[in-house]
Amino acid sequence: MAESVISRNMKKLYLIGLLCLGSQWVLGQCLGDPITSFVLEKAEIVNQEDQSGEISVRIQGGSPPYIYKLVADHRGKGTKEVSISPATNQREYTFRDVPGNTSFFYRVEVISSNESKGQLLQAICQKRAVLNIELK
């Protein structure tokens with residue numbers, strides 16, 4: 001007797017879970033062209049004297065304008081925004097005069113102007129990141 005009650009309750013819980021996921025999916029649809037790729041083109045020291053460099057990235061897909069952010073990731077001990085681009089229609093962006101020989105990694109993020117209803121798929125619709133970048 002107790003076994004069938006547990007079984008019915010599990011079925012109800014499963015159904016409620018599916019309904020919740022279903023409604024989140026509907027609320028999280030992308031409007032516009034999603035970002036298909038965001039890749040690192042270059043991360044190198046270009047000025048040996050002051051050990052500064054450039055980080056270049058390229059995007060495919062998404063809806064312009066784009067905003068590119070350069071973030072210092074202190075290896076799990078917090079992050080700090082280093083630079084942010086103005087809104088641009090360009091699918092490539094280069095951060096210049098980036099300090100090299102640091103004790104942290106860089107992360108570059110791109111935000112597309114795509115819209116998303118709800119937050120479940122917001123990262124897929126609008127944002128991408130390239131992680132653990134070192135200048136060499």
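**Strands, sheets and a nonpolar core**

Trainee: How much surface does the protein expose, and what share of it do carbon and sulfur atoms supply?

Mentor: The model is predicted, with local features needing pLDDT of at least 70 and side-chain atom pairs counting only at pLDDT 80 or more, while totals for chains, interfaces and linings use all residues. Residues are numbered from 1 along each chain as its sequence is written, and side-chain values use heavy atoms, with hydrogens and water left out. Accessible areas come from the Shrake-Rupley method with a 1.4 Å probe, and for residues only the protein chains shown count as cover. On that basis the protein exposes about 8,900 Å², and the share supplied by carbon and sulfur atoms is 55%.

Trainee: How many helices and strands does the protein have?

Mentor: Helices (H or I, at least four residues) and strands (E, at least two) are DSSP runs, numbered from the N terminus. Read from the N terminus on, the elements follow one another as α-β-β-β-β-β-β-β-β-α-β. In total, the secondary structure comes to two helices and nine strands.

Trainee: What is the order of the strands in the open sheet of four?

Mentor: Two strands count as paired if DSSP finds at least two bridges between them, and in this sheet the pairing is antiparallel. Its edge strands, each pairing on one side only, are β5 (79–84) and β9 (127–133). From one strand to the next the twist averages 25°, where axes are lines fitted to C-alpha atoms (for helices over the stretch in contact) and angles run from 0 to 180 degrees between N-to-C directions. The full order is β5-β4-β7-β9.

Trainee: Over how many bridges do strands β4 and β7 pair?

Mentor: Strand β4 covers residues 67–73 and strand β7 covers residues 105–111, and one place to look is Ile 67, which stands opposite Ile 111 in β7. These two strands pair in the antiparallel sense, and the number of bridges is seven.

Trainee: Which residue in the turn between β4 and β5 has a positive phi?

Mentor: β4 and β5 pair in the antiparallel sense over five bridges, with Val 71 having Glu 81 in β5 as its bridge partner. The two strands form a hairpin with five residues between them, and the turn residue with a positive phi, about 50°, is Arg 75.

Trainee: How many of the seven residues of β4 are buried?

Mentor: A residue is called buried under 20% relative accessible area, exposed over 50% and partly exposed in between (1.4 Å probe, protein chains only). Across the protein, buried residues make up 32% of the 136 residues. β4 is mostly covered, and its count of buried residues is six.

Trainee: Which are the edge strands of the open sheet formed by three strands?

Mentor: The order in this antiparallel sheet is β2-β3-β6, and β2 and β3 pair over 10 bridges. One of the bridge partners in β3 is Gly 61, which belongs with Ile 35. The edge strands, each pairing on one side only, are β2 (35–47) and β6 (92–99).

Trainee: Is Glu 54 buried or exposed?

Mentor: Glu 54 is found in strand β3 (residues 52–61). Leaving aside neighbours within four places in sequence, Glu 54 is in contact (heavy atoms within 4.5 Å) with residues including Thr 94, Phe 95 and Leu 135. Because its relative accessible area is 14%, Glu 54 is classed as buried.

Trainee: With which side chain does the side chain of Glu 54 make a polar contact?

Mentor: A polar contact is a pair of N or O atoms within 3.5 Å; within protein, one must be able to donate a hydrogen and the other to accept it, and residues adjacent in sequence count only if both atoms are side-chain atoms. At 2.8 Å, the partner of the Glu 54 side chain is that of Lys 42.

Trainee: Which strand supplies the largest share of the largest nonpolar core?

Mentor: A nonpolar core is a set of buried Ala, Val, Leu, Ile, Met, Phe, Trp, Tyr and Cys residues joined through side-chain atoms within 4.5 Å. The largest one has 20 residues, and those with the most contacts inside it are Phe 38, Ile 55, Tyr 68, Tyr 106 and Val 108. At least two residues each come from β2, β3, β4, β6, β7 and β9. The largest share, four residues, comes from β2.
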